[in-house]
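I opened this model to look up how its interior is packed. My entries follow in the order I made them.

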Amino acid sequence: MKKIGFIGLGIMGKPMSKNLIKAGYQLIVSDFNKDAVKELEQLGAEVESTPKAIAEKSDIVITMLPNSPNVKAVALGENGLIEGAHEGLIYVDMSSIAPAASQEVYRALIEKGVEMLDAPVSGGEPKAIDGTISVMVGGKKEVFEEVKDVLEAMAGSVVHVGEIGAGNVTKLANQVIVALNIAAVSEAFVLAQKAGVNPEAVYQAIRGGLAGSTVLDAKAPMMLDRNFNPGFRINLHIKDLTNAMETSHEFGAPAPLTAAVLEMMYALKVDGHEFEDHSSLLKYYEKLANVEISR
């Protein structure tokens, strides 16, 4: 069985790595969070301090990191993966980053004989825990087939979407749709509250119709409970929508609704809500309407 390096044991990375251990894979892990590292070590993972050392010992290295600069540092920086590169090593970046950054890292690594996939995920912490995240993968099809079993050990859906960078383009599309859905739900619930109709009754009435969605079912109960504990934080969604806007400008695809929701999220950040769940978009609309929804 393949030996896997896993770098990044955050909200998503830690449960994903646990699922690999449950599937029987031998892991080598690294993260700044020593408690997370210790937890994985107690489950049988080996620990290394640098990406270079992990690359030297691994058949596959997976990263789950916050943003493009983090991925570049781990992959190409001092003591990075590139310094521990060996023929046959496959690098799978499951972070959500700019497609151009994925392509830049790929070009550097392929010169060392290292194949790369960009494979961002969707589903949030609950699906990471139960192993049902969706993975969208860019890169060579034959490399994808070689690691598909590893990805499936963490996921409910694994789909190859194109060449390197295509995974992150797909993730940006996903994040645009999710953000706009949450904004729409927020706007609708505030309208209902102001008009004197119970938002929970609205939710129950519409969820089985055309307005029903996975986003509605995931986020409406959180809004109604006023539970904004993060499954996916506002500051991370700001990062994704910023990447989406930069990519849309690069390719000449205007994104006016994305731009509007990005500004809403920035306003929430200024108000101190950046570490709350993205369902707290509701608070932006509540502030505009001077109302707070309730069950």
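**Start of helix 9**

I began at the start of helix 9, where a side-chain oxygen of Asn198 comes to within 2.8 Å of the backbone nitrogen of Glu200. I note that this is a predicted model.

I then asked which residues of helix 9 are buried. In this helix, which spans residues 199-206, I found Pro199, Val202 and Tyr203 buried. They lie on the same side of helix 9, because the arc they cover around the axis is only 100 degrees. I also looked up what covers them: helix 8 (166-194) and helix 10 (214-225) are among the elements that do.

**Annotated domain**

I checked the record next. UniProt, in an unreviewed entry, lists residues 3-162 as "domain: 6-phosphogluconate dehydrogenase NADP-binding". Over that range I read 41% helix and 25% strand, with the end C-alpha atoms 26 Å apart.

**Nonpolar cores**

I looked up cores with one expectation: in soluble globular proteins, nonpolar side chains tend to be buried together.

The largest nonpolar core has 35 residues, and those touching the most other members are Phe6, Met16, Ile62, Val92 and Met94. Helix 7 (residues 141-152) supplies the largest share of this core, with five residues.

I took Val92 and asked which residues it touches, leaving out those up to four places away in sequence. I listed Ile60, Val61, Ile62 and Thr63, then Leu117 and Ala119, and finally Val147 and Leu151.

I also logged a second, separate core of 33 residues; Ala183, Val185, Val215 and Leu224 are among its members.

Note on methods. Residues numbered from 1 in each chain as written. Predicted model: local features only at pLDDT ≥ 70, side-chain atom pairs only at ≥ 80, totals over all residues. Heavy atoms only, no water. UniProt positions renumbered as here; feature names shortened; annotations may be inferred. Helix = DSSP H or I, 4+ residues; strand = E, 2+ residues; numbered from the N terminus. Core = buried A, V, L, I, M, F, W, Y, C linked by side-chain atoms within 4.5 Å. Buried < 20%, exposed > 50% of the residue type's maximum accessible area, 1.4 Å probe, protein only. Contact = heavy atoms within 4.5 Å. Arc of directions from axis to C-beta. Polar contact = N/O pair within 3.5 Å; in protein donor to acceptor, adjacent residues only side chain to side chain.
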